[in-house]
Amino acid sequence: MIFRQKRAPVSARREVRISNKLGLHARPAAHFVKHVRTFRSEIWFVTKAGRYSASSLIDVLRANMDCGAAATLEAHGVDAEEAVERLQKLLNELDRFDES
């Protein structure tokens with residue numbers, strides 16, 4: 001019988017910039033949070049104003065990140081490195097939520 005090896009929790013962080021013209025408003029924030037919840041790690045946005053849970057839609061909206069806003073995406077857990085990498089890519093793709 002083969003058992004899965006347990007991975008040790010790690011921490012990862014990456015600087016991100018919001019590229020959506022309207023910022024991280026309700027629809028793209030909800031899409032982002034949905035993807036955050038697929039990871040086992042705890043994930044946060046850290047801005048000058050504070051630290052916000054990326055798995056909470058209310059917290060993401062409270063971070064009030066407009067277009068061009070910079071933040072640090074932090075994760076701690078077994079899949080932290082994968083989480084910050086994939087979530088950074090997702091943030092760059094949120095332009096499709098722009099309202100015309």
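Which residues of the largest nonpolar core touch the most other members? In this predicted model, they are Leu 24, Phe 32, Ile 43, Phe 45, Leu 73, Leu 87 and Leu 91, out of a core of 26 residues. The legends below begin with the whole chain and then turn to individual sites.

**Figure 1. Overall fold of the predicted chain.** The chain contains three helices and four strands, arranged along the sequence in the pattern β-α-β-β-α-β-α. Its radius of gyration is 14 Å, close to the 13 Å given by the globule rule for 100 residues, so the chain is as compact as a globular protein of that length. Along the principal axes, the C-alpha atoms occupy a box of roughly 55 × 25 × 20 Å. Of the contacts in the chain with a separation of 6 or more, 76% join residues 24 or more positions apart.

**Figure 2. Surface and charge of the chain.** The accessible surface amounts to about 6600 Å², and carbon and sulfur atoms account for 49% of that area. Buried residues form 43% of the 100 residues in the chain. There are 17 positive and 13 negative side chains, with the centres of the two sets 4 Å apart.

**Figure 3. The largest nonpolar core.** This core has 26 residues, and Phe 32 and Phe 45 are among those that touch the most other members. At least two core residues come from each of strand S1 (10–17), H1, S2, S4 and H3. The greatest contribution is that of H3, which supplies six residues. A close-up of Leu 91 shows part of this packing: outside its neighbours within four places in sequence, Leu 91 is in contact with Val 16, Ile 18, Ser 19, Leu 24, Phe 32 and Phe 45.

**Figure 4. Helix H1 and its cover.** Helix H1 spans residues 26–36, and its buried residues are Pro 28, Ala 29, His 31, Phe 32, Val 33 and Val 36. The elements covering these buried residues include strand S2 (42–47), helix H2 (57–62), strand S4 (70–77) and helix H3 (80–92). An α-helix has 3.6 residues a turn, so residues three or four places apart point the same way. Such a spacing is found between Ala 29 and Phe 32, and between Ala 29 and Val 33, among the buried residues of H1.

**Figure 5. Val 60 in helix H2.** Val 60 lies in helix H2. With a relative accessible area of 0%, this residue is buried. Beyond residues up to four places away in sequence, Val 60 touches Leu 24, Ala 29, Val 33, Phe 45, Ser 53 and Ala 54. Two of these partners, Ala 29 and Val 33, are also buried residues of H1. Between Val 60 and Leu 94, 34 residues apart along the chain, the C-alpha separation is 14 Å.

**Figure 6. Ala 63 and Asn 64 in the loop between H2 and S4.** Both Ala 63 and Asn 64 belong to this loop. Are the two residues buried or exposed? Ala 63 counts as buried at 9% relative accessibility, whereas Asn 64 is exposed, with a relative accessible area of 58%. The backbone of Asn 64 has a phi near 50°, a positive value in a residue other than glycine. Most residues other than glycine have a negative phi. The C-alpha atoms of Ala 63 and Asp 95 are separated by 18 Å, with their positions 32 residues apart along the chain.

**Figure 7. Arg 17 in strand S1.** Arg 17 is located in strand S1. How far apart in space are Arg 17 and Cys 67, C-alpha to C-alpha? The distance is 7.9 Å, although Arg 17 and Cys 67 are 50 residues apart in sequence. Setting aside neighbours within four places in sequence, Arg 17 is in contact with Gly 68, Ala 69, Ala 70 and Asn 92.

**Figure 8. Arg 7 in the segment before S1.** Arg 7 is placed in the segment that precedes S1. This residue is exposed, with a relative accessible area of 55%. Arg 7 nevertheless touches Val 78 and Asp 79, residues up to four places away in sequence not being counted. The C-alpha atoms of Arg 7 and Asp 79 are separated by 8.6 Å, and the two residues are 72 residues apart along the chain.

How values were computed
Residues are numbered from 1 along each chain as its sequence is written. This is a predicted model: local features need pLDDT of at least 70, side-chain atom pairs count only at pLDDT 80 or more; totals for chains, interfaces and linings use all residues. Side-chain values use heavy atoms; hydrogens and water are left out. The radius of gyration is taken over C-alpha atoms; the globule rule is 2.2 Å times the number of residues to the power 0.38. Buried means under 20% relative accessible area, exposed over 50%, partly exposed in between (1.4 Å probe, protein chains only). Contact means heavy atoms within 4.5 Å. Accessible areas come from the Shrake-Rupley method with a 1.4 Å probe; for residues, only the protein chains shown count as cover. Lys and Arg count as positive and Asp and Glu as negative; His and the chain ends are not counted. The place of a charge is taken as NZ of Lys, CZ of Arg, CG of Asp or CD of Glu. A nonpolar core is a set of buried Ala, Val, Leu, Ile, Met, Phe, Trp, Tyr and Cys residues joined through side-chain atoms within 4.5 Å.
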